[in-house]
Every structure is written in structure tokens, then in C-alpha cells.
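Me: I have just opened this one and would like some help finding my way around. Could you take me through it?

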Amino acid sequence: MTGNHKDTSITRRRALAVTGGTVAAGGLAVAGYRSAFADTTTGTEATTGAATGTGTAATASASSATGTCMTLMSSVTEGPYYLDGALVRKDITEGKSGVPLTLRLTVVDATDGCTPVPGAAVEIWHCDAWGYYSGYTTANPGGSAPAESEDGSTADDNTYLRGYQIANANGVVKFETIFPGWYTPRTCHIHLKVHTGGEKEDGTYEGGKVNHTGQLFFADDIAQEVFTLEPYAKHSGTYTKLDDDMVYDGGGAAGGLLTLKPVKKADPSRGYKGTLTLGVDPDAENSGAGSAGGGTPPGDAPTGTAPTGTPPTGTPPSGAPTASAAASS
């Protein structure tokens, strides 16, 4: 499988030791892994055209002429697959196979000339290559996909592809993960929250408040090319494009669309680097309910995204953190 991160020190059904460190990753070509996750610096992405709102975030750029930020964009729903208690760590793969993805996200204060927000905690979570979320491994991703248990990884079913990072002095966080898969009726995406005012405790992040709840998105042409690769190709069905997604608002970077650069243009299996700048109001608080439900899922949606907004029928394994229900996936 492409980009197969392995860690033989943990078993699939055993909880990870709470260390806040990085899960060792092997099984991926060393050169490809190092290239995909190289600690390089990228420029700040700028965009235009976003809606205003309270307790919101936006793609932002500091203007050398005015020192002002871009207009704020509304937050969106956290969805039904959120779990409390994610670990503070850079590598969230836990052995899950997929095309490597390194995310470099910059948190800035949109109310103060886009100055960095050091200490902000960025939390992300997303599905695996076949559309399964940790904690909800029996929720049907739609189409035809192998059971999540067939992936052969060492991943812990309560925690894989979830984690926090704390922003450095420049407001920057970096994650090492895999390109997400898809599930009906959603396009390819990553969920995100920005927290401030809390602190790292027992390997996770406690206290403070949520300033922004959002989602990160991927260009259709890149996503569809990735989905022809293994292990993604084992999940067949109708993929939802950005224009048909119930959450993505078409706003480009202001709507959460990542800037993606391939590690090697001729070989997408080597991975991608994704960047985005998030402008937040550190004084605002966001409930995670969001304002972009996006409409009713189609009739062939998995049971986890029922039109009533109920949480997935796939329940977390015994001892998993408590799920937070929301209106949309």
C-alpha cells in the first residue's frame, strides 16, 4: 500500500500511551517520507471574498501597506464524528496507509493586523483512505469499501487520524498525516478547530475556548488522481465534487481550500504539502454548531449522516472518548 506507516510497538485494539510524542512511522519509502514531511517554510496564502461573522475565521494575509487582514469567513459545523481527548502530536497516522500529506497551518489574529497567535491549539481529524473515522469504524462510508478492520494497520481504533498541535512563536503548526479518503455524501475534507486559552495536560489539550470550527478542502483534480491509487482505489462509488458538497461554499482559500504542492510532480504517491493561513478572533468563542449545514444528505447517504442530523450508528469502542453530535458530517 502506498505510504504505509507502521509502528509495531502498538497493537490495533490497544490504547496508545499518552505521551504527546510522534508515533514512529515505517513501511513508507524513506526518501518519499522525508520529502513529504520536510520542515520547509512556505509563503502565506491570500484570498478575497469571504462573509463576515462573529466567532469566525478566515484565510488571512498581512498587508505590508495597511497591516490589515482579509475579511472573516463563517465557521462551519464540526460534524458528528468529533471526539474529545485527541492527543497532542505531530504525526497522527498511527500506521494508516495512504498518500503522505504534510499540513502547515498558520494561525493569526484577524483583529490585530494578522499578528501570529502563539500557543493556539489547532485540532484536526479526518477519515482514512476508505472513508472511516476512528471511534466510528462501523459507520458505512457509502459505495463499496472493505471493512475498516481489513486495512492491516496497527492503528488504534479510538485515536487514529486525530490530533492537536500547539502553534509556535510564528503561529505555525505542522501535521504529518495521509490524504483523506471520502464518504457519501461529502467531498474530501479535514475537520479543524482552533483553541486558545487552554494548556497541554496528560498528553491532550484542556481548557480554554474554541475560536473557530472549520473544514479544509482539496482540489477535485488532485483528489480524484489520488483516489486512483492504492489503498484508495479499493473504495468505489460516486465521489462528491467540491461544487456539489453540502459544506464547501465555493470561496476558494477563504472557504478552506488548501494550497497543495506535490512532493514530486510525476509521482503523486510521494505525497503533498498543504498550506493555509487561518485568521481568528482570539476573543471570540465558537460552539462548533456552525452555519453551513449544506442541506439534506441524499437518500443513499451512510447511516452516519442521516437527514435528522443524528450521530453515526457506528458507536465508539468501549472506553473511547465521548462523541459530540452535530447537524452535518
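Reply: What follows is a short talk about one strand and its partners, and then about two cysteines. Please keep in mind that this is a predicted model.

Me: Ok, strand β3 then, is it buried or exposed?
Reply: Ten of the ten residues of β3, which spans residues 100-109, are buried, so the strand is largely enclosed by the rest of the structure.

Me: And which residues sit on each of its faces?
Reply: On one side are Pro100, Thr102, Arg104, Thr106 and Val108, and on the other are Leu101, Leu103, Leu105, Val107 and Asp109, with both faces covered.

Me: In what sense does β3 pair with β7, and with β11?
Reply: With β7 (residues 172-178) the pairing is antiparallel and has seven bridges, and there Leu105 has Val173 as its bridge partner. With β11 (residues 272-280) the pairing is parallel and has nine bridges, with Leu103 standing opposite Gly274.

Me: What about β4, how many bridges there?
Reply: Two bridges join β3 to β4 (residues 115-116) in an antiparallel arrangement, and Val108 stands opposite Pro116. The two strands form a hairpin with five residues between them, and Gly113 in the turn has a positive phi of about 65 degrees.

Me: Switching topic: how many disulfides are there in the whole structure?
Reply: A search of the whole structure finds zero.

Me: Why is Cys127 not bonded to Cys188?
Reply: The closest cysteine sulfur to that of Cys127 is the one in Cys188, and because they are 6.8 Å apart, that is too far for a bond.

Me: Are those two buried or exposed?
Reply: Cys127 counts as buried because its relative accessibility is 1%, and Cys188 also counts as buried, at 0%.

Terms used:
Residues are numbered from 1 along each chain as its sequence is written. This is a predicted model: local features need pLDDT of at least 70, side-chain atom pairs count only at pLDDT 80 or more; totals for chains, interfaces and linings use all residues. Side-chain values use heavy atoms; hydrogens and water are left out. Buried means under 20% relative accessible area, exposed over 50%, partly exposed in between (1.4 Å probe, protein chains only). Helices (H or I, at least four residues) and strands (E, at least two) are DSSP runs, numbered from the N terminus. Two strands pair if DSSP finds at least two bridges between them. A disulfide is a pair of cysteine sulfur atoms within 2.5 Å.
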